[in-house]
Amino acid sequence: GADDVTIDSLLFRNGDTGILSTTSSDSDRLTISRSRFERLFRGIDVRPGNDGWIVSGSRFSNPDGPAFSLGVFASTAARIESSEFTGISIGLDLSGGALAVGNDVHDNTTYGIRLAAGGRAEGNRIYGHDATDFQNALEMSGGEAVGNEIFGNAIGARPTSGLLVGN
């Protein structure tokens, strides 16, 4: 895999996965900034063995295409910050040391943010998940959610385990 790479201001559209880094890729310290991910099955998928990723100032959306399933799946130490997730099934799915901070997560069809063991969401705005009882702003089966602004959702937070503080 590639180390110390910056991807800036690119458009990823109409594919399966915008950026994929499997457990055998060993791509460390990638920065993805000011990019757009549209009409994809998955925007970014980063697995263990790929360390120090940063996603910043990017937009994940489904303007009018087929189902966009997942904005960012991160199961390793990655930081997703100052990005927007809207109109897709699941905005972020985080575990294993992944952190979402300062994102705008709204109007997604299943979950805004899903956290499992080791995932953390901090200081995000999570809203507009209000169409059905199956739309949760924040779904937790572990992890930590601290200081998020959660409003205007059918279900604000649904923790089965994990730490939910000051939201």
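Reader: Which residues of the largest nonpolar core touch the most other members?

Author: In this predicted model, the largest nonpolar core has 32 residues, and F37, I44, F60, I80 and L92 touch the most other members. Two or more residues of this core come from each of β2 (11–21), β4 (36–46), β5 (53–56), β7 (70–74), β8 (78–81), β10 (90–94), β13 (111–116) and β16 (136–146).

Reader: What makes a residue such as F73 a contact of I44?

Author: Contact requires heavy atoms within 4.5 Å. With residues up to four places away in sequence left out, I44 touches I19, I32, F37, W53, V55, F60, G71, V72 and F73. F73 is therefore a contact of I44, as it belongs to that list.

Reader: Why is β16 described as largely enclosed by the rest of the structure?

Author: A residue is buried if its relative accessible area is under 20%. In β16, 8 of the 11 residues are buried, so the strand is largely enclosed by the rest of the structure.

Reader: How do you know that β13 and β16 pair?

Author: Pairing requires at least two bridges between the strands. β13 and β16 are joined in the parallel sense over 5 bridges, and therefore they pair. Within β16, L138 stands opposite I113.

Reader: Which strands besides β13 are joined to β16 by bridges, and how many bridges are there?

Author: Strand β14 (residues 120–122) runs parallel to β16 and is joined to it by 3 bridges. Strand β18 (residues 155–165) also runs parallel to β16, with 8 bridges. E144 in β16 stands opposite R120, and E144 also stands opposite L163 in β18.

Reader: Why is the link between the side chains of E84 and R59 called a polar contact?

Author: A polar contact is a suitable pair of N or O atoms within 3.5 Å. The side chains of E84 and R59 meet at 2.8 Å, which lies within that limit, so the term applies. E84 is found in strand β9 (residues 84–86). Beyond four places away in sequence, E84 touches S58, R59, F60, D104 and H106.

Reader: Why is the protein called as compact as a globular protein of its length?

Author: The protein has 0 helices and 18 strands. Its radius of gyration is 14 Å, close to the 15 Å that the globule rule gives for 167 residues, so the protein is as compact as a globular protein of that length. The C-alpha atoms fill a box of roughly 40 × 35 × 20 Å along the principal axes.

Reader: What share of the residues counts as buried?

Author: Of the 167 residues, 49% count as buried.

Terms used. Residues are numbered from 1 along each chain as its sequence is written. This is a predicted model: local features need pLDDT of at least 70, side-chain atom pairs count only at pLDDT 80 or more; totals for chains, interfaces and linings use all residues. Side-chain values use heavy atoms; hydrogens and water are left out. Helices (H or I, at least four residues) and strands (E, at least two) are DSSP runs, numbered from the N terminus. A polar contact is a pair of N or O atoms within 3.5 Å; within protein, one must be able to donate a hydrogen and the other to accept it, and residues adjacent in sequence count only if both atoms are side-chain atoms. A nonpolar core is a set of buried Ala, Val, Leu, Ile, Met, Phe, Trp, Tyr and Cys residues joined through side-chain atoms within 4.5 Å. Buried means under 20% relative accessible area, exposed over 50%, partly exposed in between (1.4 Å probe, protein chains only). The radius of gyration is taken over C-alpha atoms; the globule rule is 2.2 Å times the number of residues to the power 0.38.
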